[in-house]
Amino acid sequence: MFHGARQDDRWSIVRIAREAGIQLFPRRNRPDQYEANCPFCGDTKKHLQVHGQRDVFNCYRCNAQGGVIRFYALLHNISEESAKEELRGGDRGHTTFKRKVYRHPAERLSAKEIKALGFLKVPNWEELKKKDPARAKALADWIWREKQAYDKELQRMQRFVLKHFLNAPLNKGEDHHAEQNHSDRAANG
Ligand SMILES: [Zn+2]
């Protein structure tokens, strides 16, 4: 299995290309293969080919070619040694792999926020994603829907309160007083 063999998404040539802003056009009938305007020679006719499964690239115009490390090094104008280091997770990175690892928005909610939505337990996202990615996704979607409904309701209430506050007569305090006297009487009677 090609994708399983890679182990680490940071070494995906497709991903590196996308992170660098290169637009990839899928090749017809060739799964996981793309063409693009080569960033190394100012090409505008999609001479660059990117092979997703083999993680190699090749430009038919300028003959730039190689694997992930070479591609990364050329793109960011650094040595292959530095490229290797960055791809291994060094922190001088030109790209933002660490931050861009996909996280569902629901995963960013705090425990307090999740409990406020009525959920009793905060999911252990990492564990759940490993065990059952589909279920993790379903749960995250559900929590996120609840969160959006909650926010909407909160905004609605705030608008309601604001509207009543703005429309309230200034002698509201006296009204309140009268009401209290009335209920006092009712209690005594
Ligand atoms: Zn080229």
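1. Start with the pairing of strands 2 and 3. In this predicted model, strand 2 covers residues 33–36 and strand 3 covers residues 48–51. The two run antiparallel, and four bridges join them. One position to look at is Gln33, which stands opposite His51 in strand 3.

2. Now widen the view to the sheet. It is open and has five strands, in the order 1-2-3-4-5. The pairing is antiparallel. Strands of a sheet pair through backbone hydrogen bonds, either parallel or antiparallel. Strand 1 (25–26) and strand 5 (65–67) are the edge strands here. Each of them pairs on one side only.

3. A helix sits against this sheet. Helix 3 packs on the sheet and touches strand 4 (56–59) and strand 5. The direction of helix 3 makes about 115° with that of strand 5.

4. Helix 3 also has a helix partner. Helix 3 (residues 68–76) packs with helix 4 (residues 80–87) at an angle of about 105°. Their axes are 8 Å apart. Angles of 65 to 115 degrees count as roughly perpendicular, so helix 3 and helix 4 are roughly perpendicular to each other. On the helix 3 side, the contact is made by Val68, Ile69, Arg70, Tyr72 and Ala73. Helix 4 contributes Glu80, Ala83, Lys84 and Leu87. Six residues of this contact are nonpolar and three are charged; none is polar.

5. Check the loop between strand 1 and strand 2, where Asn29 lies. Asp32 lies in the loop between these strands too. Most residues other than glycine have a negative phi, and most peptide bonds are trans. Asn29 has a positive phi of about 60° although it is not a glycine. Phi of Asp32 is also positive, near 65°.

6. How exposed are these two residues? Asn29 has 6 other C-beta atoms within 10 Å. A residue with 12 or fewer counts as exposed, so Asn29 is exposed. Asp32 has 15 other C-beta atoms within 10 Å and is partly exposed.

7. Last, the chain as a whole. The protein chain has nine helices and five strands. From the N terminus on, the elements run α-α-β-β-β-β-β-α-α-α-α-α-α-α. Of the 189 residues in the protein chain, 13% are buried. Take the contacts between residues at least 6 apart in sequence: 33% of them join residues at least 24 apart.

How values were computed:
Residues are numbered from 1 along each chain as its sequence is written. This is a predicted model: local features need pLDDT of at least 70, side-chain atom pairs count only at pLDDT 80 or more; totals for chains, interfaces and linings use all residues. Axes are lines fitted to C-alpha atoms, for helices over the stretch in contact, and angles run from 0 to 180 degrees between N-to-C directions. Angles under 35 degrees count as roughly parallel, over 145 as roughly antiparallel, 65 to 115 as roughly perpendicular and the rest as oblique. Two residues are in contact if their C-beta atoms, placed from the backbone, lie within 7 Å. Ala, Val, Leu, Ile, Met, Phe, Trp, Tyr, Cys and Pro count as nonpolar, Asp, Glu, Lys and Arg as charged, and the others, Gly among them, as polar. Two strands pair if DSSP finds at least two bridges between them. A residue is buried if 20 or more other C-beta atoms lie within 10 Å of its own, exposed if 12 or fewer, and partly exposed in between; C-beta atoms are placed from the backbone.
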